Amino acid sequence: MKNLHLLCTLLFSGAVLLFFGLAYPHHLHYQEQYQLFLFECTYAWEIVRLPGGVADLLGRFCTQFFLFAWVGAAIIAVLLSAVQLLTLRLASFLSRGVQSVSLQWGWLYGLSFVPSFLLWLFLLDENALLGGVWAVLLTQLAILGLVRLPNGWVRRILFVVTILILYWMALGGDHYHRYPTMFPTLLYAAWLSAIIIPFLVHFFKVHGSRFKVQGSSGRRQHIIHYSLFTVTFIIMMMIVWKSANFKAETVMQYDFMARFQQWNRILETVNAEKPNNQIGVTVQNLALAMHGQLANHLFDYNQNGLAGLLPDVQSDATSPLPTAEAFYQLGMINVAQRTVFEAQEAILDFQKSGRCYKRLAQTNLINGSYEVARKYLTALQKTLFYRDWANETLPLLGNEEAIAKHPEYGRLRQCAYKEDAYFSDHVTPEMLENLFYGNKENSLAFEYLKAYYMLTGDREGYTKLLLQTSAKQ
C-alpha cells in the first residue's frame, strides 16, 4: 500500500514538473524577472519584519531559481508534493489508534492531493507568488507539531503562541499575489483544505464501516479506489490544461527571447507560427532588423502598423520591456533607460527587477553616468545569478578605452544621439532620421527608418533615404 501511495505521489510530482518545464516555462521566467533577491541582512529584515514575511522571503528565495525553467519546475514539484505528503502525514497522525479501520486509506487517499491541486491552479496565474505555497507548508508544519504534543495546559499555551508566530510568519500580509488588492481565492481554499481534510479523513476512518463497499474483497476495493484515483487524476490534468493561459505563455516567450537576444530562435519561432500580438510582432521586427531583413521581408509577416514596429510606451511593467530592447539596440539609450525605469516602477507589488537593474546599469555606463551605474552593479553583486556579470562589468566604469573596444557598449555609444533633443512616447520619423543621419553606420536605424516609411506610405521619405544611401556607396 505504501509503495502504491508513493507511486501516486511521484506521478503527481512528475506531472507538475513536466507541465511547468515543457508547457509553462516562460511563466517561471516572468516571475523571476520581476524581483531582485539580495543576499543581504537589511533586505531580509525588511521582508520578514512584516506579517507573512517569512513565507514571502522563502518564496522570493526560490523564485530567483526560476531563471532556469527546469529548476523552477522542480522546485514547484517538490513543494506541491510536500504539501500532499504533509496532508497525508497529518491525517495519518490524527487517525492513529482508530480501531476497525476497514478501508485503510482507499478513496480517502485522493483527498490528500486536493490542497496541492488547488495550489497548482493558483500558480497558473502569472501574478501568483510562490510565498503563498510556503504559507500553506508552514501552516501544515505548525499544526503537525502541535498535534504531536500531549494534551494539557502546555499544549494550550503553545497553541496560542504558535498561532501568533504563524500569523507573523505566514498567514498575514499581502505577499501572495502581485496585485495588492487581489484576494487569492484559490490560495486560501488550498490553505483551508490542508487544515480541514486531515480531520475529515479522521472522521471517515472512525466511521469507516458505514462507507465500506459491501460484498467486496480488499483486493477489489483497492482496484476500485485506484481506478477512481486514476480517473480523478486525468480530470485534474484536464482542468489544469483548460485553466492555463497559453496565450500569455506565448507572449512571455517572445519577451524572454528578446531579453536574451536570441534572434535566430525568434525567427525560427515566427516562421513556424507568425505572432498576432503586439509584443510578438515587436520582437519579430527587432529580430528581422538585427539580421538586416526587416525592410525586405516586412510584409511577409503579420504587422500591426507602427504599433508593431516601435509601440507607444504603456504604463505597465510588461509591454514596455520589448520596446525598450528595440530602443536600446537602435542606440536610443536615454529613451531605453527611461522606459525600463518606468517599467520597473510599475511593478505591482513594488519589488525591483534583476532584469531592469542590469539594463539600467548598461544604459548609465554607455551614457558615462558611472556612479549611477555603480549603484546598480553593487546591488547586483549581492544576487546569485547576476553577480558574475556585475563583477565583470564594474572594471569598465570610467575606462573609456575599454568601453570603446567593447563590442556592444562601444557600438551603442557610437550609435547614440550626438545632440540633445525632445522625445515623446510616440516614435516619430524625425527621431529615427536623427539617429541614422547622425551615424550612417547604424544599420539598425536604417532598417527601422525604411520600414517606417513603408508602413506609413511615405514615398518621399523612402526615396530620399535610398538616394542618401546610394550617394554614400
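Which residue lies over the face of Tyr328? In this predicted model, where local features require pLDDT of at least 70, side-chain atom pairs count only at pLDDT 80 or more, and totals for chains, interfaces and linings use all residues, the residue is Arg359, at 3.7 Å from the ring centre. Residues are numbered from 1 along each chain as its sequence is written, and side-chain values use heavy atoms, with hydrogens and water left out. A charge is taken to sit over a ring if NZ of Lys or CZ of Arg is within 6 Å of the ring centre and within 35 degrees of the ring normal. Lys375 likewise lies over the face of Tyr376, at 4.5 Å from the ring centre.

The largest nonpolar core (buried Ala, Val, Leu, Ile, Met, Phe, Trp, Tyr and Cys residues joined through side-chain atoms within 4.5 Å) holds 141 residues. Phe19, Phe20, Ile76, Trp120, Leu130, Leu330 and Tyr448 touch the most other members. Helix α5 (residues 69-94) contributes the largest share of this core, twelve residues; helices are DSSP runs of H or I with at least four residues, numbered from the N terminus. Beyond its neighbours within four places in sequence, Leu330 is in contact (heavy atoms within 4.5 Å) with Leu310, Cys415, Leu432, Leu435, Asn442, Leu444, Ala445 and Tyr448.

Across the whole structure, 23 aromatic pairs were found. Rings of Phe, Tyr and Trp (its six-membered ring) pair if their centres lie within 6.5 Å, with planes under 30 degrees apart counted as stacked, over 60 as edge-to-face and the rest as tilted. One such pair, Phe183 and Tyr188, is stacked, at 5.0 Å centre to centre and 10° between the planes. Tyr188 also pairs with Trp191; the ring centres are 6.5 Å apart and the planes stand at 85°, so this pair is edge-to-face. Both Tyr188 and Trp191 belong to helix α9 (residues 185-206), where three residues, about one turn of the helix, separate them. Relative accessible area (1.4 Å probe, protein chains only) defines buried as under 20%, exposed as over 50% and partly exposed as in between. Phe183 therefore counts as exposed at 53%, whereas Tyr188 is partly exposed at 24% and Trp191 is partly exposed at 21%. Elsewhere, ring pairs join Phe12, Phe19, Phe20, Tyr24, Phe113, Trp120, Trp241 and Phe246 into a cluster.

Arg156 is located in helix α8 (residues 153-171). With a relative accessibility of 59%, Arg156 counts as exposed. Its C-alpha lies 9.2 Å from that of Leu146, and the two are ten residues apart in sequence.

Terms used. Helices (H or I, at least four residues) and strands (E, at least two) are DSSP runs, numbered from the N terminus.
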